[in-house]
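Hi everyone, thanks for coming. I'll put the structure up on the screen, and then we'll walk through it together.

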Number of protein chains: 2
Amino acid sequence: MVPVSALSARPAHPARAQWLDSIIKGDCVAALEALPDHSVDVIFADPPYNLQLNGVLHRPDQSKVDAVDDEWDQFASFEAYDAFTRAWLLACKRVLKPTGTIWVIGSYHNIFRVGAKMQDLGFWLLNDVVWRKTNPMPNFKGRRFQNAHETLIWASPNAEARGYTFNYDAMKAANDDVQMRSDWLFPICSGSERIKGEDGKKVHPTQKPEALLSRILLSSTKPGDVVLDPFMGSGTTGAVAKRLGRHFVGVEREQDYIDAAEKRIAAVEPLGEEMLAPLPGKKTQPRVAFLSLIESGLLAPGDTLTSPKGDHVAVVRADGTLARAKDAGSIHRLGAIVQGQESCNGWTFWHYEEDGNRYPIDRLRGRIRASIAGI
Amino acid sequence: MVPVSALSARPAHPARAQWLDSIIKGDCVAALEALPDHSVDVIFADPPYNLQLNGVLHRPDQSKVDAVDDEWDQFASFEAYDAFTRAWLLACKRVLKPTGTIWVIGSYHNIFRVGAKMQDLGFWLLNDVVWRKTNPMPNFKGRRFQNAHETLIWASPNAEARGYTFNYDAMKAANDDVQMRSDWLFPICSGSERIKGEDGKKVHPTQKPEALLSRILLSSTKPGDVVLDPFMGSGTTGAVAKRLGRHFVGVEREQDYIDAAEKRIAAVEPLGEEMLAPLPGKKTQPRVAFLSLIESGLLAPGDTLTSPKGDHVAVVRADGTLARAKDAGSIHRLGAIVQGQESCNGWTFWHYEEDGNRYPIDRLRGRIRASIAGI
DNA sequence: GCGTGGGGTGAATCCGCGG
DNA sequence: TCCGCGGATTCACCCCACG
């Protein structure tokens, strides 16, 4: 693959490299020295996010949130984090084939710095992809939006790179015959998939779901490709690569993680023909915020809604709440209040008028859903 | 548009500033000199995306894609774009109130650079928010995922900033009584909302949907707040701000855009105050001292209160404290003590008995509040 | 075996006012 | 500006105990 002369000090790449389908212990930059130039097809990197947490956070029920406070996620400054990022990105760039691509995942704490550094180093961004979590942790203090997604960057090693793998047709077929979008919906890793130690506690604080890695590898690799994970952790990349008939190389510093990952990967049974089965489709019907009806113009602030028989009347307000006399709240709360009940499905209780007939606002929700069908 | 005197001396903020509810013509950094320090509550910025397009792109039917190739979106290098970004962010930081927040929207071409620079300048990221497009442009070459979203960054001016506006309760009520997430779904701006010139062509290449601005302003501003848009374009921010009873200031270089925006904003009819009243959350309800329950006769000294399950008992004292054995203190302190916890909401923890049932004393507080409201 | 309710938990940069 | 303290704050899902 690479002429011996090009490597000088490094040994010649054997027919089946020692490092193939194994986890190299060590710091990511140093450990990657074991790999020849241009030797991997795809990289998946889940670097430390550099969370900057102050003190402890409690849930409303007073229980403590088990935060990511591991030593490996601590950096002295943005500058230190940038230097770290630059180093491992450069190491990755060296071992990546010209036809290869790299995926990096992060949150708003680090992904902007990583993305900017990737551009600085000449990587060419192909997409940013949003992993929407079906079950994210709530915001406990009510001071922000629920942080319900993470961001992936997909890039080629340079702007001129051609010939990278993108299984466009497979992705489209897996997505009800429309193009796969840049926003993906998956649950977080939990339940039996979550690797736990003998003490029953999670082995790794940030284990990624196999469904996420599966879509990444199915979209951007071919069977037999070599996938590198420079931050192997609990080994999700290796497990999914093996199952999908791809080779893997992992790098990891902590022996505990290596032990768990090797055991996990050893238990994986590679898929046969089912590998070609399309990815599971959409979940249940998407949630539609009542505010969306106003934002889309189906209702306007000031419009009146009524109960099914018209004996209760409420006014739509700009922020997506309903008001009646002194009471105000969500469509559900106000529906409950006017009926003197504990709860109420506002979608079926509140009605609007059209052509002299009363219809539940659920009808309008149906229109929104119809307009976004197929997403 | 801007009095000359205001540029040099920067006089004290007049009762109603000249620049309020107007569009300042000029380069964003220079024009913002007209505004005093700490004079705006929220900033929405839609800066040039620095798209790097090579050649023309055709659809499968051979029609040409009308790309963003305007002069204002051209930068010589990442360095030039970074310098530009730094300059306008600094100008924005100066005029932003300490309790204010800033929104910036971008795509993968620029948002990573912008986000990193924001962190470098000390902005504290509160959320990244994903605008998922219901109807994004397809990928015509089948070489990438359909680019179906854009990214917004919401930030405060520094990590220590407190007191910014987030209408948590309104957002939650508008979203079926669950927290508003960081992924929002909207159509792109098209149809009658899209501003078109006499030639029938779109006036601005990247006009944002009003629904997007509406959610931004409803979530992070109060009626009467001042909203700055340093890249005003076709004036979406001004139009939505006016409709929602917020003040706006715009900055824009191109006269064509200013003309279109001013005409557009003039046609906007503001919503009535009753449509805009913020949903009162629990935090805004009047504070009731526990002592008031005793003073009003709802509880009497010597009454006993219990924990929800009845396993802890405490006695009400005349001064509005609770006592149990040797311990005494506020309803909150004693609730924390008996549970061995750091803190406790005594209103929901302590219960009283009525008709053989246990109710939280919060129920009595509700009666006090109801009687206050009736005054 | 099945349905139900309670408990646990996940990459989290998570309070604000008054003295 | 700092400190004390009142009191507000969670969604989806999995597992297990129990009837």
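So, to start: how many residues of chain A are in contact with chain B, and how many of chain B with chain A? It's 76 residues of chain A, in contact with 73 residues of chain B. Before I go on, keep in mind that what you're looking at is a predicted model.

Let's stay with those two chains for a bit. Between them, chain A and chain B bury about 6,600 Å², and 52% of that is on carbon and sulfur atoms. On the chain A side, the residues that lose the most area to chain B are A:Phe112, A:Arg143 and A:Phe145, which together make up 14% of what that side buries.

What about charges? There's a general idea here: side chains of opposite charge can pair when their charged atoms come close. Between chain A and chain B, the count is five salt bridges. One of them joins the side chains of A:Arg132 and B:Asp183, at 2.5 Å from N to O. And if you count residue pairs in polar contact between the two chains, with both residues at pLDDT 80 or more, you get 38.

Which strand of chain A gives the most to the side that touches chain B? That's strand β4, residues 124-133, with nine residues. Taken by class, that side of chain A has 36 nonpolar, 24 polar and 16 charged residues.

Okay, on to the DNA, starting with strand C. There are 41 residues around DNA strand C, and the ones that come nearest are A:Arg59, A:Tyr108, A:Lys141, A:Arg143 and A:Lys202. You've met A:Arg143 already: it was among the residues losing the most area to chain B.

Which parts of strand C does the protein come up to? Of the strand C atoms within 4 Å of the protein, 49% belong to sugar or phosphate, and the rest belong to bases. Here are some individual pairs. A backbone N or O atom of A:Tyr49 sits 3.0 Å from a base nitrogen of strand C. With A:Arg144, a polar side-chain atom is 3.2 Å from a base oxygen of strand C. And for A:Asn147, a polar side-chain atom is 3.4 Å from a sugar or linking oxygen of that strand. The surface near strand C has 20 nonpolar, nine polar and 12 charged residues.

Now DNA strand D. This one is surrounded by 32 residues, and the closest are B:Tyr168, B:Lys172, B:Lys282, B:His332 and B:Arg365. Sugar and phosphate make up 62% of the strand D atoms that come within 4 Å of the protein.

On phosphate oxygens of strand D, we have a backbone N or O atom of B:Gln179 at 3.0 Å, and a polar side-chain atom of B:Asn345 at 3.5 Å. Chain A shows up here too: a backbone N or O atom of A:Phe140 lies 3.0 Å from a base oxygen of strand D. Helix α5 of chain B, residues 168-173, gives the largest share of the surface near strand D, with three residues. By class, that surface has nine nonpolar, 12 polar and 11 charged residues.

Last stop: inside chain A. It's divided into domain 1, which is 22-52 + 62-275, and domain 2, which is 290-373. Their C-alpha centres lie 43 Å apart.

Over all chains, the structure holds 33 salt bridges. One of these is between the side chains of A:Arg367 and A:Glu354, at 3.5 Å from N to O. A:Arg367 is in helix α12 and A:Glu354 is in strand β13, so this pair ties together parts that are 13 residues apart in sequence.

Terms used. Residues are numbered from 1 along each chain as its sequence is written. Chains are lettered from A and ligands numbered from 1 in the order in which they are written. This is a predicted model: local features need pLDDT of at least 70, side-chain atom pairs count only at pLDDT 80 or more; totals for chains, interfaces and linings use all residues. Side-chain values use heavy atoms; hydrogens and water are left out. Domain bounds come from an automatic or database domain assignment. Contact means heavy atoms within 4.5 Å. Buried area is the accessible area (1.4 Å probe) that two parts lose on being put together, summed over both. A salt bridge is a side-chain nitrogen of Lys or Arg within 4 Å of a carboxyl oxygen of Asp or Glu. A polar contact is a pair of N or O atoms within 3.5 Å; within protein, one must be able to donate a hydrogen and the other to accept it, and residues adjacent in sequence count only if both atoms are side-chain atoms. Helices (H or I, at least four residues) and strands (E, at least two) are DSSP runs, numbered from the N terminus. Ala, Val, Leu, Ile, Met, Phe, Trp, Tyr, Cys and Pro count as nonpolar, Asp, Glu, Lys and Arg as charged, and the others, Gly among them, as polar. A residue is near a molecule or strand if one of its heavy atoms lies within 4 Å of it.
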